[in-house]
Amino acid sequence: MTNVFNPDVLKELAAALAEANARITQMHAQMIDYFEDYYAVLDDECAPGEKHCKCVPHLRRRIAELEGEQLNVAELLTQLSSTQMRLHEAEAQLAAMPDRP
């Protein structure tokens, strides 16, 4: 039988309780997030009679992230194209230079 009045046991129990409370707080926040998404889906109006599944807000969030990444890639491609043009110009200038002895 464990002596719960032992200070070491009390410290272990307090740590376990704090960990459990932290996990409960985390799960509660996650549950609220799910409910908010659920109600947002229910309030979302689309074509008459069309219903969404609960994954719609998460999918929309991911689409927005991917669209943001697409814009970043487009900017990088523009920069790359500009760099390639400058490289070709430099190569043309170098080719036009007379050979030195």
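These are my notebook entries on what I looked up in a predicted model.

**Overall make-up**

I started with the secondary structure. The protein has 2 helices and 0 strands. Helix α1 covers residues 7-43, and helix α2 covers residues 56-96.

Next I checked burial. The protein has 101 residues, and 5% of them count as buried. I also looked up the accessible surface, which comes to about 9,300 Å². Carbon and sulfur atoms account for 61% of that surface.

**Salt bridges**

How many salt bridges does a search of the whole structure find? The search returned 2.

I took the pair R62 and E65. Their closest N and O atoms are 3.0 Å apart. Both residues sit in helix α2, with a spacing of 3 residues, or about one turn of the helix.

I then took the pair E69 and R62. Here the closest N and O atoms are 4.0 Å apart. I note that the cut-off for a salt bridge is within 4 Å.

R62 appears in the bridge with E65 and again in the bridge with E69. I therefore record R62, E65 and E69 as linked in a network of salt bridges.

Are the residues of this network buried or exposed? I looked each one up. R62 has a relative accessibility of 39%, so I enter R62 as partly exposed. E65 is at 40% and therefore also goes down as partly exposed. For E69 the relative accessible area is 41%, so E69 is partly exposed as well.

**Nonpolar patch**

Which residues make the nonpolar surface patch of about 400 Å²? I found M31, F35, Y38 and Y39.

I followed up one of these residues, Y39, which lies in helix α1. Its relative accessible area is 47%, so I enter Y39 as partly exposed. Patch residues need over 30% relative accessible area, and the 47% of Y39 is over that cut-off.

**A40 and P57**

I moved on to A40, which also has its place in helix α1. A40 has a relative accessible area of 43%, so A40 counts as partly exposed.

I then looked up the spacing between A40 and P57. These two are 17 residues apart along the chain, and their C-alpha atoms are separated by 7.8 Å. A40 belongs to helix α1, while helix α2 takes in residues 56-96.

How values were computed:
Residues are numbered from 1 along each chain as its sequence is written. This is a predicted model: local features need pLDDT of at least 70, side-chain atom pairs count only at pLDDT 80 or more; totals for chains, interfaces and linings use all residues. Side-chain values use heavy atoms; hydrogens and water are left out. A salt bridge is a side-chain nitrogen of Lys or Arg within 4 Å of a carboxyl oxygen of Asp or Glu. Helices (H or I, at least four residues) and strands (E, at least two) are DSSP runs, numbered from the N terminus. Buried means under 20% relative accessible area, exposed over 50%, partly exposed in between (1.4 Å probe, protein chains only). Patches are made of residues with over 30% relative accessible area and no salt bridge: like charges are joined within 9 Å, nonpolar side chains (Val, Leu, Ile, Met, Phe, Trp, Tyr) within 5 Å. Accessible areas come from the Shrake-Rupley method with a 1.4 Å probe; for residues, only the protein chains shown count as cover.
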